[in-house]
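This briefing goes through a structural model by topic, for a reader who wants to check each point against the coordinates. Please look over the sequence and the structure shown here before reading on.

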Amino acid sequence: MATQAATAGGRGLTRSRVAAGLALVLALAFPALVGYNGYYLEIGFNFFLWAVLGLSLNFILGGTGQYNLGHAAFFAAGAYTTAILNTRLDIPVLVLAPVAALVAGVLAVAVARPIIHLRGDYLLIVTVGFAEIVRITLRNNVFGLTGGSNGILGIDRPVILGFRLAQMSHLYYLSLVLLLLTLFIAVRLENSRIGRAWSYIREDEVAAAAMGIDTGRYKVLAFAVGGALAGLAGNVYAAKMTVIAPESFSFWESVVMFAIVILGGTGSIPGVFLGTFGMVVLPQLFRGLADYRMLVFGAAMVLLMIFRPEGLWPNRRWRLAVRGGDEPAVAAAGAGRPAAGPEAGTGAAAGGGPGSGTGAAAGGAPGGR
């Protein structure tokens, strides 16, 4: 049984790598396939940008199960940091990318710290209020920096080694690089002790805390990572638009990010891409039906909640949690070793010793035997 499980897992990993490789080749060749058509390159840019935003929110919503409907505030923080420093101090846009990520990440920590004890709808309402505070603050031209309702004009295009990224194809590849960086971070974190700790918190926060995981610290960390990546997306967005305004970071943007994660499947990286395609690409392709977009969107969400409440491409554990049922036991590695029973701690699977609690794997205090 162990051999069969290992073989099946190896085949699944191989298929995933082949699919990822084909997707990357398609993304690289896409500009040539569409004849460098500006309209389709714009759609591709938006797809990559919103996929980054969806993945950044997925750390918070899918990783730890925290309802955040104010993610556009971190997106705005990165964009405005880039715009202000570029237009006033003439600092190159790409040099400001880590600065935008840092500012957005610090803002996310500052917001999450006092509200991290809230859960569910209560946390969601607070994040909505926070996003509106940020938007109104930007519109009021605080300290004369944000430009008020008119926003900030004249943001420079990115420059790499003296080469100015002014064409749409250049910006398309820039957004693709950002997406690949975000994907690398997401995959590495998902398979790390931090990712496992987030998974434990999402599934049962009380049990995770009882096993020694510092739930508050890990939830704040999820906000910090998600906010920083949203800030990076804001940097690229500002560079592409060359003008930003508060209305570009409204409540609707947060709703779209939230819907991308829910539609694709909470906690699922491939699901984010499906959600982005449904929420961003399809409305662009069917612009002629713009008057009916909200009607179709509402009907699709209702049908999804009825027939696919776990999303279009959920991760395995989330699908089992929504649909019900137990996860099949997988035989332990090694001939003749039985699968772990209910009394065994999850720490062994996460990198801890036999019988240890989840906290040992996630960096908290070891659980009892």
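How many aromatic pairs does a search of the whole structure find? The search finds 13 aromatic pairs, and those described below are read from a predicted model. The mean pLDDT of the chain is 83, with 81% of its residues reaching 70 or more, and the points that follow cover confidence, annotated spans, ring pairs, salt bridges, one buried phenylalanine and two backbone angles.

**Confidence and annotated spans**

- Residues 327–369 call for caution, since pLDDT stays under 50 over this stretch, for which the model nevertheless has 65 contacts beyond four places in sequence.
- According to the unreviewed UniProt entry, the annotation "transmembrane region" covers residues 18–37, 43–61, 91–110, 171–189, 220–238, 258–282 and 289–307.
- In the model, residues 18–37 are 80% helix and 0% strand, and the C-alpha atoms at the two ends of this span are 28 Å apart.
- Residues 220–238 are 100% helix and 0% strand, with 27 Å between the end C-alpha atoms.

**Aromatic pairs**

- Among the 13 aromatic pairs found in the whole structure is the one formed by F75 and Y237, which is tilted, with 5.3 Å from centre to centre and 55 degrees between the planes.
- This pair links distant parts of the chain, as F75 belongs to helix 3 (residues 72–89) and Y237 to helix 9, 162 residues apart, and both F75 and Y237 are buried.
- Y237 also forms an aromatic pair with F249, and here the arrangement is edge-to-face, at 5.9 Å centre to centre and 75 degrees between the planes.
- Because Y237 lies in helix 9 whereas F249 lies in the loop between helix 9 and helix 10, the pair ties together parts that are 12 residues apart in sequence; Y237 and F249 are both buried.
- Elsewhere, ring pairs join F30, F47, F48, Y172, Y173 and F273 into a cluster.
- A charged side chain meets a ring where R217 lies over the face of Y218, at 5.0 Å from the ring centre.

**Salt bridges**

- Eight salt bridges are found in a search of the whole structure, and one of them joins R135 to E247, with the closest N and O atoms 3.4 Å apart.
- R135 lies in helix 5 (residues 120–139) and E247 in the loop between helix 9 (215–241) and helix 10 (251–264), so this pair ties together parts that are 112 residues apart in sequence.
- The two partners differ in their surroundings: R135 is buried, at a relative accessible area of 13%, whereas E247 counts as partly exposed, at 45% relative accessibility.
- E247 forms a further salt bridge with R139, where the closest N and O atoms are 3.9 Å apart, and this pair likewise links distant parts of the chain, with E247 in the loop between helix 9 and helix 10 and R139 in helix 5, 108 residues apart.
- R139 counts as partly exposed, at 34% relative accessibility.
- A network of salt bridges links E132, R135, R139 and E247.
- E203 and R202 form another salt bridge, their closest N and O atoms being 3.8 Å apart; E203 counts as partly exposed at 41% relative accessibility, while R202 counts as buried at 16%.

**Surroundings of F59**

- F59 is placed in helix 2 (residues 38–63) and counts as buried, at 6% relative accessibility.
- With neighbours within four places in sequence left aside, F59 is in contact with T64, I185, A186, L189, W198, A222, V225, G226 and L229.
- Although F59 and V225 are 166 residues apart in sequence, their C-alpha atoms are 7.3 Å apart in space.

**Backbone angles**

- Most residues other than glycine have a negative phi.
- D90, a residue other than glycine, has a positive phi near 60 degrees; D90 lies in the loop between helix 3 and helix 4 (97–115) and counts as exposed, at 59% relative accessibility.
- T242, which is not a glycine either, has a positive phi of about 65 degrees; T242 is found in the loop between helix 9 and helix 10 and is partly exposed, with a relative accessible area of 23%.

Terms used:
Residues are numbered from 1 along each chain as its sequence is written. Side-chain values use heavy atoms; hydrogens and water are left out. A salt bridge is a side-chain nitrogen of Lys or Arg within 4 Å of a carboxyl oxygen of Asp or Glu. Helices (H or I, at least four residues) and strands (E, at least two) are DSSP runs, numbered from the N terminus. Buried means under 20% relative accessible area, exposed over 50%, partly exposed in between (1.4 Å probe, protein chains only). Contact means heavy atoms within 4.5 Å. UniProt positions are given in the numbering used here, feature names are shortened, and annotations may be inferred rather than shown by experiment. Rings of Phe, Tyr and Trp (its six-membered ring) pair if their centres lie within 6.5 Å; planes under 30 degrees apart count as stacked, over 60 as edge-to-face and the rest as tilted. A charge sits over a ring if NZ of Lys or CZ of Arg is within 6 Å of the ring centre and within 35 degrees of the ring normal. pLDDT is the predictor's confidence in each residue, from 0 to 100.
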